[in-house]
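The following paragraphs lead the reader through a two-part topic: charged pairs and the packing that surrounds them. The structure is shown first.

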Amino acid sequence: MLGPDVTWYLVLSSLLFVIGALGVLIRRSPLIVLLSLEIMLNGCNLALIAFARDQGEGAGQVFALAVMAVAAAEVVVGLGLIVAMARRRLDLDVDRMTTLRG
Amino acid sequence: MDVGNVLVWVVWVLAAFGCLGSGVAVVSFSNPFYSALALIGNLSSLAVLYLLLSAEFVAAAQVLVYAGAVMVMFLFVIAYLGGRADAPWAGGPTWQQVAAVSAAAALLVEVVIAVGLKAGGRLSDEASIDAFFGGPHQIGTLFLTNYLLAFEITSIVLLVAAVGGVILGAHSRRLEGARR
């Protein structure tokens, strides 16, 4: 295989996953939390495709495509929720959405 | 090292730094619009990495589905809501930020240990692949034979999400009408 080892791709994918997790933890705007979730999912996709290349099997790529479809579904529902929140004049701040807190 | 290998390394390093830099930008920008634009850069550089891993079909789907469809939806919602988000690094570090950064660092260590323990010794020699690997032919064959159930379930998931999105939008409009 030309270029770097699969290990380098795995390092990159774990770094991406952690950057996304940091965004989910640190940001309070639900829009940017969704964007950071996309980064996490893409980090996982990169690992899946790197392992698919490593094993010489297409199954990892099929799984990555399924993850993409699930991410699209998640974005549809998440953005729908955010728009519904904005229409009810709720604050777009995940720290202030405490109605369901036990 | 021959010229092709050096070229692939250069492309890989550029794509990797583009990926990480735009990822940090998504997390750091206070304007959601800039974050979404940075995420488009992130997804495109990931598509380059997929091409280097000879996953041509997934790279094309990444650009079409993610950088095309999903990000257009994001940009529409951001344009509809407008406004600013929180500025993540403004002011001194709060205890929440310190906790978030240390949790993320712990996650990184955990992932590296887990992957390194499970796969560390076996990653140096990749399997050899033919020209069909990662093309639409192979992906389509896999989806319609071994992974037919996953394919069908994916379609149901997308249908449910579409119906859910419509219901969420219609419901809040009815509420707004009742309030007037």
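In this predicted model, R28(A) has a relative accessibility of 31% and therefore counts as partly exposed. The side chain of R28(A) meets that of D93(A) in a salt bridge, with an N to O distance of 3.9 Å. R28(A) belongs to the loop between helix 1 and helix 2 of chain A, whereas D93(A) belongs to the segment after helix 3 of chain A, so the pair ties together parts that are 65 residues apart in sequence. In general terms, side chains of opposite charge can pair when their charged atoms come close.

D93(A) itself is buried, because its relative accessibility of 12% falls under the 20% cut-off. Neighbours within four places in sequence aside, D93(A) is in contact with R28(A) and P30(A). D93(A) also forms a salt bridge with R96(A), and here the closest N and O atoms are 3.9 Å apart. R96(A), at 55% relative accessibility, counts as exposed. Through salt bridges that share partners, R28(A), D93(A) and R96(A) are joined into one network. Over all chains, a search of the whole structure finds 2 salt bridges.

What, then, is found between chain A and chain B, in salt bridges and in polar contacts? Across this interface the rule finds 0 salt bridges, while 6 residue pairs, with both residues at pLDDT 80 or more, are in polar contact. On the side of chain A that touches chain B, helix 1 (6–26), helix 2 (30–55) and helix 3 (59–87) of chain A each supply at least two residues. Helix 3 of chain A gives the most to that side, with 22 residues. Sorted by class, the side of chain A that touches chain B has 48 nonpolar, 13 polar and 11 charged residues. In total, 72 residues of chain A are in contact with 84 residues of chain B. The area buried between the two chains is about 6,800 Å², and carbon and sulfur atoms give 76% of that area.

Two individual residues illustrate contacts between the chains. The first to consider is V18(A), which is found in helix 1 of chain A. V18(A) has a relative accessible area of 9% and is therefore buried. Not counting residues up to four places away in sequence, V18(A) touches A104(B), L107(B) and L108(B). Within chain A, V18(A) and L35(A) are 17 residues apart along the chain, and their C-alpha atoms are separated by 14 Å.

L35(A) appears again in the surroundings of S35(B), a residue whose contacts include L35(A). S35(B) lies in helix 2 (residues 32–52) of chain B. With a relative accessibility of 0%, S35(B) counts as buried. Its neighbours within four places in sequence aside, S35(B) is in contact with I32(A) and L35(A) from chain A, and with A25(B), V26(B) and F29(B) from chain B.

Further along chain B comes S54(B), which lies in the loop between helix 2 and helix 3 (56–81) of chain B. The phi angle of S54(B) is near 50 degrees, a positive value in a residue other than glycine. S54(B) counts as buried, at 14% relative accessibility.

The last element to examine is helix 5 of chain B, which spans residues 136–144. Which residues of helix 5 of chain B are buried? They are Q138(B), I139(B), L142(B) and F143(B). Viewed down the axis of helix 5 of chain B, these buried residues fall within an arc of 130 degrees, so they line one face of the helix. An α-helix has 3.6 residues a turn, and therefore residues three or four places apart point the same way. On the other side of helix 5 of chain B, P136(B), H137(B) and L144(B) are exposed.

Conventions:
Residues are numbered from 1 along each chain as its sequence is written. Chains are lettered from A and ligands numbered from 1 in the order in which they are written. This is a predicted model: local features need pLDDT of at least 70, side-chain atom pairs count only at pLDDT 80 or more; totals for chains, interfaces and linings use all residues. Side-chain values use heavy atoms; hydrogens and water are left out. Contact means heavy atoms within 4.5 Å. Buried area is the accessible area (1.4 Å probe) that two parts lose on being put together, summed over both. A salt bridge is a side-chain nitrogen of Lys or Arg within 4 Å of a carboxyl oxygen of Asp or Glu. A polar contact is a pair of N or O atoms within 3.5 Å; within protein, one must be able to donate a hydrogen and the other to accept it, and residues adjacent in sequence count only if both atoms are side-chain atoms. Helices (H or I, at least four residues) and strands (E, at least two) are DSSP runs, numbered from the N terminus. Ala, Val, Leu, Ile, Met, Phe, Trp, Tyr, Cys and Pro count as nonpolar, Asp, Glu, Lys and Arg as charged, and the others, Gly among them, as polar. Buried means under 20% relative accessible area, exposed over 50%, partly exposed in between (1.4 Å probe, protein chains only). The arc is that of the directions from the helix axis to the C-beta atoms.
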